[in-house]
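Here are my notes on the model, as numbered points. Please read them with the structure open.

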Amino acid sequence: MTALDDHGVALDVAHRAGEMLVDLVHSPDLDRRWGGLEYEGDARAHRFIMSELRRMRPDDAILSEEGADDRSRVGKERVWIVDPLDGSSDYGYSPHWSVHVALVVDGEPTVGAVAVPGWETTWGTDPAPQRVPAGVESGEAPRIVVSRSRSRFDGSRLQAALGADIYTVGSAGVKAMAVVRGDVDAYVHGGGLYEWDSCAPVAVARAAGLVCCRLDGSPLTFNKPDPWSPGLVISRPGLVDDICAVMGDRQP
Ligand SMILES: [Mg+2]
């Protein structure tokens, strides 16, 4: 058995965490009251991913949505940024949840994987996904997915300005992979989000040839002392300027 490189570690850990979460949904002895499934999914996927990354990459720092952040990671060259279960309110109720595992090297998310077991796929950075087309098909309305909670704000604005068809679905990872799959042309989130929401999806999306930036087109930054981030665009290259022109003045 050969040792996995970083891309392989991300893919392997995200994929197996997704399989574990699928098994957990079918577990007969789980307490499903009071958000029990969501709670157990978050906790168990976190423990699994932490133990696997510590085993395979013992020298690296880890930032997980479900872990305590003592900020000792800040300034480290290599930091794994993990969302053990993204879209947890959909977990057990729809296919729209995902597992995010990314590695930030010197601030850049160069390695990552997003598992969407409901779509029976785990996307990574090497091998990269098939490259998406550069633009929107000529004569077609741009197809843009936005967050459910922001559809009235982001969706209506993009619809009015660009004539876009607007879609909503749970989980940042699922929305980003909808762009990678070619189901839609862009994903726009006009509000704040955390680095674990965006990091692995951005790594995978860039590997597929998509542009990832803030609402005003400025670069995304990772492994900040405060992992909160103001807004996200993941788009086919030919559409990103139009989106940023509409959304760029948006306050987070
Ligand atoms: Mg989560």
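1. Start at Val184. Leaving aside neighbours within four places in sequence, Val184 is in contact with Arg143, Val145, Tyr167, Ala178, Val179 and Arg236. This is a predicted model, so every point below concerns a prediction. Val184 sits in the loop that runs between H4 and S8. Is Val184 buried or exposed? Its relative accessibility is 4%, so Val184 counts as buried. For a distance check, take Ser147: Val184 and Ser147 are 37 residues apart in sequence, and their C-alpha atoms are 14 Å apart in space.

2. Next, the parallel pair. Strand S6 (residues 143-146) runs parallel to strand S7 (residues 165-168), and four bridges join them. Arg143, one of the contacts of Val184, has Asp165 in S7 as its bridge partner. Helix H3 (residues 151-162) completes a β-α-β unit with S6 and S7, and the unit is right-handed.

3. Now the largest nonpolar core. It has 36 residues. Which of them touch the most other members? They are Ile81, Met177, Val180, Tyr187 and Ile234. Elements that give two or more residues are strands S1 (61-64), S2 (78-86), S3 (98-105), S4 (108-116), S8 (186-194) and S10 (228-235), together with helices H4 (172-181) and H5 (195-207). H4 provides the largest share, seven residues. Where does this core lie relative to the domains? Domain 1 (6-124) and domain 2 (143-247) both contribute residues, so the core lies between them.

4. Ile81 deserves a separate look. Residues up to four places away in sequence are not counted here. Ile81 touches Leu63, His100, Val101, Ala102 and Val104, among others. Its list also includes Glu195, Trp196, Cys199, Phe222 and Asn223.

5. There is a second core, separate from the one above, with 28 residues. Among them are Val9, Leu30, Leu37 and Ile49.

6. The metal site. Which residues coordinate the magnesium ion? Glu65 (OE), Asp83 (OD) and Leu85 (O) do, at 2.1 to 2.2 Å. Along the chain, the donors follow the spacing E-x17-D-x1-L. Glu65 lies in the loop between S1 and S2, while Asp83 lies in strand S2; the pair is 18 residues apart and links distant parts of the chain. Their accessibilities are worth checking. Glu65 is at 31% relative accessibility, so it counts as partly exposed. Asp83 is at 1%, so it counts as buried.

7. The S3-S4 hairpin. S3 and S4 run antiparallel, joined by seven bridges. Val101, also a contact of Ile81, stands opposite Ala113 in S4. Two residues separate the strands of this hairpin, and Asp106 in the turn has a positive phi of about 50 degrees. I would inspect that turn in the model.

8. The S4-S5 hairpin. S4 also pairs with strand S5 (residues 121-124): four bridges join them, and the strands run antiparallel. Ala115 has Thr122 in S5 as its bridge partner. Four residues lie between the strands of this hairpin, and Glu120 in the turn has a positive phi of about 55 degrees.

9. Last, S4 itself. How many of its nine residues are buried? Seven are, so S4 is mostly covered under the cut-off of 20% relative accessible area. S4 is also among the elements that give two or more residues to the largest core.

Definitions and conventions: Residues are numbered from 1 along each chain as its sequence is written. This is a predicted model: local features need pLDDT of at least 70, side-chain atom pairs count only at pLDDT 80 or more; totals for chains, interfaces and linings use all residues. Side-chain values use heavy atoms; hydrogens and water are left out. A nonpolar core is a set of buried Ala, Val, Leu, Ile, Met, Phe, Trp, Tyr and Cys residues joined through side-chain atoms within 4.5 Å. Buried means under 20% relative accessible area, exposed over 50%, partly exposed in between (1.4 Å probe, protein chains only). Domain bounds come from an automatic or database domain assignment. Contact means heavy atoms within 4.5 Å. Two strands pair if DSSP finds at least two bridges between them. A crossover is right-handed if, with the strands pointing away from the viewer, the path from the first strand over the helix to the second runs clockwise. Donors are N, O and S atoms within 2.8 Å of the metal (3.2 Å for Na, K and Ca); water is not among the atoms, so sites may look incomplete.
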